[in-house]
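User: Could you walk me through this model and show how each label follows from its criterion?

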Amino acid sequence: MNELIEKMTTRHAIRRFQKKQVEEDVLQQILTAGLYAPSAGNNQYSRIVVCQDSEINEKLGRISRYMMFKDKDPKSVSHSVSADQPSIMDDFTIMNGFYDAPTVLTIFTRSSQYSHDDAAMIGENILLAAHFLGLGACYIGRTGEVFATEYGQQLRKEWGVPEDMVAVCNILIGYIDGPIPSSKPRKEGRIIRV
Ligand SMILES: Cc1cc2nc3c(=O)[nH]c(=O)nc-3n(C[C@H](O)[C@H](O)[C@H](O)COP(=O)(O)O)c2cc1C
């Protein structure tokens with residue numbers, strides 16, 4: 001198998017991070033990978049906000065967790081996601097939905113029929129780049145809901161995000177704490193040859 005493709009099969013969602021911050025030259029390489037993602041019609045309109053302020057990241061992570069469960073009993077909606085790298089669905093005592101990651105990216109794109117496509121392309125490039133450089137990363141959804149809150153609105157103003165943009169996803173990045181998780185088996189029958 002091609003070396004890069006083989007490497008892609010060993011990428012995992014990482015939720016246990018060391019406190020150590022991502023080094024700047026490593027971060028720059030990861031961001032470059034994000035900027036080189038495809039965009040619909042080459043619009044290149046997205047913004048990647050890099051936040052390394054632990055107070056802000058924790059606040060956002062708590063809101064993200066809240067948005068997952070809202071007024072529901074976590075037990076009624078939970079399911080097993082990862083034994084090695086437990087998510088808020090596996091362990092209800094985790095209160096920060098950003099898992100204390102030292103670097104949190106928020107990807108904003110212009111509101112259009114392609115918003116989610118453009119952002120997800122960037123997200124995947126970043127997840128893979130982090131993995132290739134020996135770091136861990138995790139894609140987080142519900143970002144639109146988080147940035148629709150009063151706190152989210154205030155932050156996006158402070159960050160200078162243009163008003164016609166929507167927050168699509170967060171990417172958590174950091175050095176992996178503990179053992180590298182094992183690969184989750186992929187379900188059979190997902191390729192349909194015609
Ligand atoms: C659209 C999307 C939303 C996700 N949201 C979350 C999330 O809110 N919290 C979380 O811990 N992981 C989240 N993940 C990560 C998935 O749980 C993870 O990719 C999945 O369990 C498969 O594991 P793997 O990435 O190690 O292959 C999300 C992934 C995607 C693609």
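Analyst: Happy to, keeping in mind that this is a predicted model. Let's begin with the sheet: its 4 strands are in the order 1-2-4-3, the sheet is open, and the pairing is antiparallel.

User: What makes strand 1 and strand 3 the edge strands?

Analyst: Each of them pairs on one side only. Across the sheet, neighbouring strands are turned by 25° against each other on average, with direction ignored.

User: How do you know that strand 1 and strand 2 pair?

Analyst: Pairing takes at least two bridges between two strands. Strand 1 and strand 2 run antiparallel and are joined by 5 bridges, so they meet that criterion. Two of the partnerships can be named: Cys 51 is bridged to Val 104 in strand 2, and Val 49 to Thr 106.

User: And what links strand 2 to strand 4?

Analyst: There are 8 bridges between them, again in the antiparallel sense. Thr 106 turns up here too, standing opposite Asn 170 in strand 4.

User: Why is strand 2 called mostly covered?

Analyst: A residue counts as buried if 20 or more other C-beta atoms lie within 10 Å of its own. In strand 2, 7 of the 8 residues are buried, so "mostly covered" is a fair label.

User: How do you know that the span of helix 3 agrees with its number of residues?

Analyst: Helix 3 has 16 residues, 54-69, and at 1.5 Å a residue they should span 22 Å. The end C-alpha atoms are 23 Å apart, which agrees with that expectation. Just after the helix, Lys 70 takes a positive phi of about 45°.

User: Which residues of helix 3 are buried, and what covers them?

Analyst: The buried ones are Asn 57, Leu 60, Gly 61, Ile 63, Ser 64 and Arg 65. Their cover includes strand 1 (47-51), strand 2 (103-110) and strand 3 (136-140), along with helix 6 (143-146) and helix 7 (150-158).

User: What are the classes of the residues in the shell around the ligand?

Analyst: The shell has 5 nonpolar, 4 polar and 3 charged residues. Among the residues around the ligand are His 12, Arg 15, Ser 82, Cys 138, Tyr 139, Arg 142 and Lys 184. Tyr and Cys count as nonpolar, whereas Arg and Lys count as charged, so Tyr 139 and Cys 138 fall in the nonpolar class and Arg 15, Arg 142 and Lys 184 in the charged one.

Key:
Residues numbered from 1 in each chain as written. Predicted model: local features only at pLDDT ≥ 70, side-chain atom pairs only at ≥ 80, totals over all residues. Expected span 1.5 Å × (residues − 1). Buried ≥ 20, exposed ≤ 12 C-beta atoms within 10 Å, placed from the backbone. Contact = placed C-beta atoms within 7 Å. Near = placed C-beta within 6 Å. Axes fitted to C-alpha atoms, helices over the stretch in contact; angles between N-to-C directions.
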